[in-house]
Protein chains: 2
Amino acid sequence: MRDYSLYVLTDEHLSRGKSHVELARLAAEGGADVIQLRDKHLESRQLYETALEISKICRQHDVLFIVNDRVDIALAAKADGVHVGQGDIPAAVLRKFVPPDFIIGVSAGTAEEALRAEKDGADYVALSPVFDTSSKDDAGCGRGIEELKKMKQAVSIPVLAIGGINKDNIKEVIAAGADGAAVISAVVSQEDVTAAAASLKRLITEVRGT
Amino acid sequence: MRDYSLYVLTDEHLSRGKSHVELARLAAEGGADVIQLRDKHLESRQLYETALEISKICRQHDVLFIVNDRVDIALAAKADGVHVGQGDIPAAVLRKFVPPDFIIGVSAGTAEEALRAEKDGADYVALSPVFDTSSKDDAGCGRGIEELKKMKQAVSIPVLAIGGINKDNIKEVIAAGADGAAVISAVVSQEDVTAAAASLKRLITEVRGT
């Protein structure tokens with residue numbers, strides 16, 4: 001089973017000047033299970049080179065590496081997978097040309113969307129956003145813990161949650177059954193990225209009692 | 001042998017309000033041999049849906065369909081290939097994960113760059129820009145007909161030319177040995193896109209005497 005427990009998205013706009021690569025390294029050292037590279041502005045060559053570096057770091061730390069939206073970059077940099085939203089290429093289309101073990105993650109706002117993603121061949125879904133968030137401009141209102149529970153009942157693939165998750169509410173998310181908590185500012189905006197990741201990871205472990 | 005003779009790039013900013021799909025249809029009706037979809041601004045899903053429509057049009061007209069930069073969009077929409085510049089994913093990297101018959105075109109400014117592209121697995125190179133152009137902001141100065149001739153001698157794959165080609169100089173480009181002429185404004189900015197494509201195609205045929 002793949003472990004999506006602590007899933008950290010790199011974001012250079014929220015990182016106090018740290019690069020994607022630095023963020024990935026620091027978060028991996030803190031115990032992140034997944035790193036997602038998300039950048040909507042870099043030229044393809046720069047994004048590819050960034051992904052290539054993060055890919056190496058993730059392999060060294062035995063961390064899954066996911067690229068947001070750009071399947072071409074993910075394939076080129078030998079990432080483990082891609083994460084797509086409703087504005088990206090549909091999962092069912094991607095499934096036709098990526099390798100069989102390539103991870104496809106899909107953002108879903110409701111249990112119905114999650115079920116459709118599962119049928120389309122998604123490997124995991126992420127309830128987005130579970131809480132209100134300021135890290136993503138167009139995220140909309142938090143869907144809440146009840147929607148997370150409904151999503152868990154609706155699908156058999158792992159269900160993550162993203163949006164507004166921090167040290168004060170991560171236990172609630174995991175206790176509600178989330179297979180992973182995806183965070184941005186709760187890790188990348190912190191003074192000590194590694195410590196922030198380690199601390200969230202500890203909270204997850206505490207809830208699960210493992 | 002693939003025919004790259006008249007190669008039209010869609011560009012919604014230079015098209016007097018016509019969409020990528022309209023441009024592709026009109027240019028294909030005028031006899032374009034290749035259509036390239038280039039858009040650096042559309043969201044992935046919109047770009048994919050646009051590519052899917054153009055892909056159908058091109059198949060109907062037996063026209064090659066190439067997507068600029070975004071290999072993922074090209075694969076998703078079953079385009080014939082991708083065109084990459086020096087700021088995109090390197091051709092040698094792409095070659096590892098695209099199907100064997102998938103076309104990879106590469107922009108080259110010099111014969112040396114063209115030779116490297118050929119070694120990297122490119123199916124064609126495009127001297128860019130052959131003349132000064134206003135259609136692409138960052139294109140730089142025209143490399144000229146002499147560089148085109150050098151490029152033709154340096155590589156065995158087809159050599160196209162792009163940049164500032166219009167009805168007044170297209171014969172010079174073809175006479176110098178170019179396997180194709182790639183145009184933007186000379187087709188897409190014209191009142192009658194189909195007639196403009198047909199007229200350029202006729203000039204190419206005249207030079208070749210076929």
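# Two barrels and their helices

The crossing of α5(A) and α6(A) is right-handed (the near helix is turned clockwise from the far one; anticlockwise by less than a right angle would make it left-handed). Before going on, keep in mind that this is a predicted model, where local features need pLDDT of at least 70 and side-chain atom pairs count only at pLDDT 80 or more, while totals for chains, interfaces and linings use all residues. As for bookkeeping, residues are numbered from 1 along each chain as its sequence is written, chains are lettered from A and ligands numbered from 1 in the order in which they are written, and side-chain values use heavy atoms, with hydrogens and water left out.

## The helix pair in chain A

Two packed helices are described by the angle between their axes and the distance between the axes. Here, helix α5 (residues 111-119) of chain A and helix α6 (residues 144-154) of chain A have axes that come within 9 Å and cross at roughly 30°. Those axes are lines fitted to C-alpha atoms, for helices over the stretch in contact, with angles running from 0 to 180 degrees between N-to-C directions. So α5(A) and α6(A) are roughly parallel to each other; that label covers angles under 35 degrees, with over 145 being roughly antiparallel, 65 to 115 roughly perpendicular and the rest oblique.

On the α5(A) side, A:A111, A:A114, A:L115 and A:E118 do the meeting, and their counterparts in α6(A) are A:E147, A:K150, A:M151 and A:A154. Contact means heavy atoms within 4.5 Å. Sorted by type, the residues of the α5(A)-α6(A) contact are five nonpolar, no polar and three charged. For that sorting, Ala, Val, Leu, Ile, Met, Phe, Trp, Tyr, Cys and Pro are nonpolar, Asp, Glu, Lys and Arg are charged, and the others, Gly among them, are polar.

## The barrel in chain A

In chain A, eight strands form a closed barrel in the order β1-β2-β3-β4-β5-β6-β7-β8, with parallel pairing. Ignoring direction, neighbouring strands in this sheet are turned by 25° against each other on average. α5(A) packs on the sheet too, touching β5 (103-108) and β6 (124-127) of chain A, and its direction makes about 160° with that of β5(A). Helix α9 (residues 193-208) of chain A lies across β1 (6-10) and β8 (180-183) of chain A, at about 155° to β1(A).

Look at β8(A) and you find both faces covered: A:G180 and A:A182 on one side, A:A181 and A:V183 on the other, all buried (under 20% relative accessible area with a 1.4 Å probe and protein chains only; exposed is over 50%, partly exposed in between). A:V183 of β8(A) stands opposite A:V8, and A:A181 of β8(A) is the bridge partner of A:A161. Elsewhere in the barrel, A:N68 stands opposite A:H83 in β4(A).

## Strand pairs

Helices (H or I, at least four residues) and strands (E, at least two) are DSSP runs, numbered from the N terminus. Two strands pair if DSSP finds at least two bridges between them.

| Strand | Partner | Sense | Bridges |
|---|---|---|---|
| β3(A), residues 64-68 | β4(A), residues 81-84 | parallel | three bridges |
| β1(A) | β8(A) | parallel | three bridges |
| β7(A), residues 159-162 | β8(A) | parallel | three bridges |
| β1(B) | β8(B) | parallel | three bridges |
| β1(B) | β2(B), residues 34-37 | parallel | four bridges |
| β6(B), residues 124-127 | β7(B), residues 159-162 | parallel | three bridges |

## Chain B

Chain B has a barrel as well: eight strands close in the order β1-β2-β3-β4-β5-β6-β7-β8, with parallel pairing. The twist from one strand to the next averages 25°. Helix α9 (residues 193-208) of chain B packs on this sheet, touching β1 (6-10) and β8 (180-183) of chain B, with its direction at about 155° to that of β1(B).

β1(B) is mostly covered, with five of its five residues buried. B:L6, B:V8 and B:T10 point one way, and B:Y7 and B:L9 point the other. B:V8 has a partner in each neighbouring pairing listed here: B:V183 stands opposite in β8(B), and B:I35 is the bridge partner in β2(B). Over in β7(B), B:L160 stands opposite B:A126.

The helix pair is back in this chain: the axes of α5 (residues 111-119) and α6 (residues 144-154) of chain B come within 9 Å and cross at roughly 30°. α5(B) and α6(B) are therefore roughly parallel to each other, and their crossing is right-handed. B:A111, B:A114, B:L115 and B:E118 in α5(B) meet B:E147, B:K150, B:M151 and B:A154 in α6(B). That contact divides into five nonpolar, no polar and three charged residues.
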